[in-house]
Amino acid sequence: MIIALGTDHAGFELKEIVKKFLEDSGYEVKDFGAYEYESTDNYPDFINPTAQFDSENDAMGIIFGGSGQGEAMAANRYKDVRAAVFYDGPDEIIAL
C-alpha cells in the first residue's frame with residue numbers, strides 16, 4: 001500500500017516523524033512535501049497534490065497542518081477523498 005504524505009511548515013516536523021515510522025514499518029511512502037521547514041510556504045501547494053494522488057490512485061494519505069480546517073477543505077475537493085480532522089497535540093493530523 002502506498003501512503004501519501006503532505007504538509008506545509010505547520011506539520012513539517014510531525015510529517016518527518018510519521019514518514020520514518022511508516023517506512024520503517026514497510027510501507028511505501030510518497031512524500032509531497034514540504035521537504036524543508038519554510039515558515040512562509042502555503043498548504044495548498046502540498047495538500048492539493050497529495051489529495052489528487054490519493055484520488056487518482058485509490059491510495060491512502062495523511063496530511064498535516066495548523067488548524068487542519070483549510071487543509072481538510074482543500075483535500076475534500078477531490079473525487080473520492082474524504083478528509084477528517086484529528087486533533088492530538090500541537091500539530092494536527094488529517095487522514096484521507
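Q: In which helix is aspartate 24 found?
A: Let's start with a friendly reminder that this is a predicted model. The run of residues 12-24 forms a helix, and aspartate 24 belongs to that run. The element that holds aspartate 24 is helix 1.

Q: Is aspartate 24 buried or exposed?
A: Its relative accessibility comes to 57%. A residue is called exposed when that value is over 50%. Aspartate 24 therefore counts as exposed.

Q: How many Å separate the C-alpha atoms of aspartate 24 and leucine 14?
A: Along the chain, these two residues are 10 residues apart. Through space, the distance between the C-alpha atoms of aspartate 24 and leucine 14 is 15 Å.

Q: What span should the 13 residues of helix 1 have at 1.5 Å a residue?
A: The expected span is 1.5 Å times one less than the number of residues. The end C-alpha atoms of helix 1 are 18 Å apart, which agrees with the expectation. For the 13 residues of helix 1, the expected value is 18 Å.

Q: Which residues of helix 1 are buried, and what arc do they cover around the axis?
A: The buried residues of helix 1 are Phe12, Leu14, Lys15, Val18 and Leu22. They sit on the same side of helix 1, because the arc they cover around the axis is only 150°.

Q: Which exposed residues does helix 1 carry on the face turned away from its buried side?
A: In an α-helix there are 3.6 residues a turn, so residues three or four places apart point the same way. Helix 1 has a face turned away from its buried side, and exposed residues are found there. They are Glu13, Ile17, Lys20, Phe21 and Asp24.

Q: Which glycine follows helix 1?
A: Look just past helix 1 for a residue with a positive phi. That phi is near 95°, and the residue is glycine 26.

Q: How far apart are N and O in the salt bridge of glutamate 16 and lysine 15?
A: Side chains of opposite charge can pair when their charged atoms come close. Of the two partners here, lysine 15 is buried, with a relative accessible area of 0%, whereas glutamate 16 counts as partly exposed at 30%. Their side chains meet with an N to O distance of 2.7 Å.

Q: Which residue forms a salt bridge with lysine 19?
A: The closest N and O atoms of this pair are 3.0 Å apart. The pair links distant parts of the chain, with lysine 19 in helix 1 and its partner in strand 2 (residues 28-31), 12 residues apart. At 14% relative accessibility the partner counts as buried. That partner is aspartate 31.

Q: How many salt bridges does the structure hold, and what is the N to O distance between aspartate 80 and lysine 79?
A: The structure holds 5 salt bridges. One of them joins the side chains of aspartate 80 and lysine 79. Both ends are exposed, aspartate 80 at 61% and lysine 79 at 60% relative accessibility. The N to O distance of this pair is 3.5 Å.

Q: What is the phi of aspartate 80?
A: Aspartate 80 lies in the loop between helix 3 (69-75) and strand 4 (84-87). Although aspartate 80 is not a glycine, its phi is positive, with a value of about 65°.

Q: Which residue does a cis peptide bond join to glycine 33?
A: The omega of this bond is about 0°. The partner lies in the loop between strand 2 and helix 2. It is alanine 34.

Q: How many Å separate the C-alpha atoms of alanine 59 and isoleucine 3?
A: Alanine 59 is placed in the loop between helix 2 (44-57) and strand 3, and counts as partly exposed at 23% relative accessibility. Isoleucine 3 is 56 residues away along the chain. The C-alpha atoms of the two are separated by 6.4 Å.

Q: What accessible area do Met1, Tyr27 and Met60 have together?
A: These residues form a nonpolar patch on the surface. Methionine 60 lies in strand 3 (residues 60-65) and counts as partly exposed at 38% relative accessibility. Together the patch has about 320 Å².

Q: Where in the protein is confidence lowest?
A: The mean pLDDT of the protein is 89, and 91% of its residues reach 70 or more. Confidence is highest in strand 2, at a mean of 97. The lowest mean, 52, belongs to strand 5 (residues 92-95).

Note on methods: Residues are numbered from 1 along each chain as its sequence is written. This is a predicted model: local features need pLDDT of at least 70, side-chain atom pairs count only at pLDDT 80 or more; totals for chains, interfaces and linings use all residues. Side-chain values use heavy atoms; hydrogens and water are left out. Helices (H or I, at least four residues) and strands (E, at least two) are DSSP runs, numbered from the N terminus. Buried means under 20% relative accessible area, exposed over 50%, partly exposed in between (1.4 Å probe, protein chains only). The arc is that of the directions from the helix axis to the C-beta atoms. Patches are made of residues with over 30% relative accessible area and no salt bridge: like charges are joined within 9 Å, nonpolar side chains (Val, Leu, Ile, Met, Phe, Trp, Tyr) within 5 Å. Accessible areas come from the Shrake-Rupley method with a 1.4 Å probe; for residues, only the protein chains shown count as cover. A salt bridge is a side-chain nitrogen of Lys or Arg within 4 Å of a carboxyl oxygen of Asp or Glu. pLDDT is the predictor's confidence in each residue, from 0 to 100.
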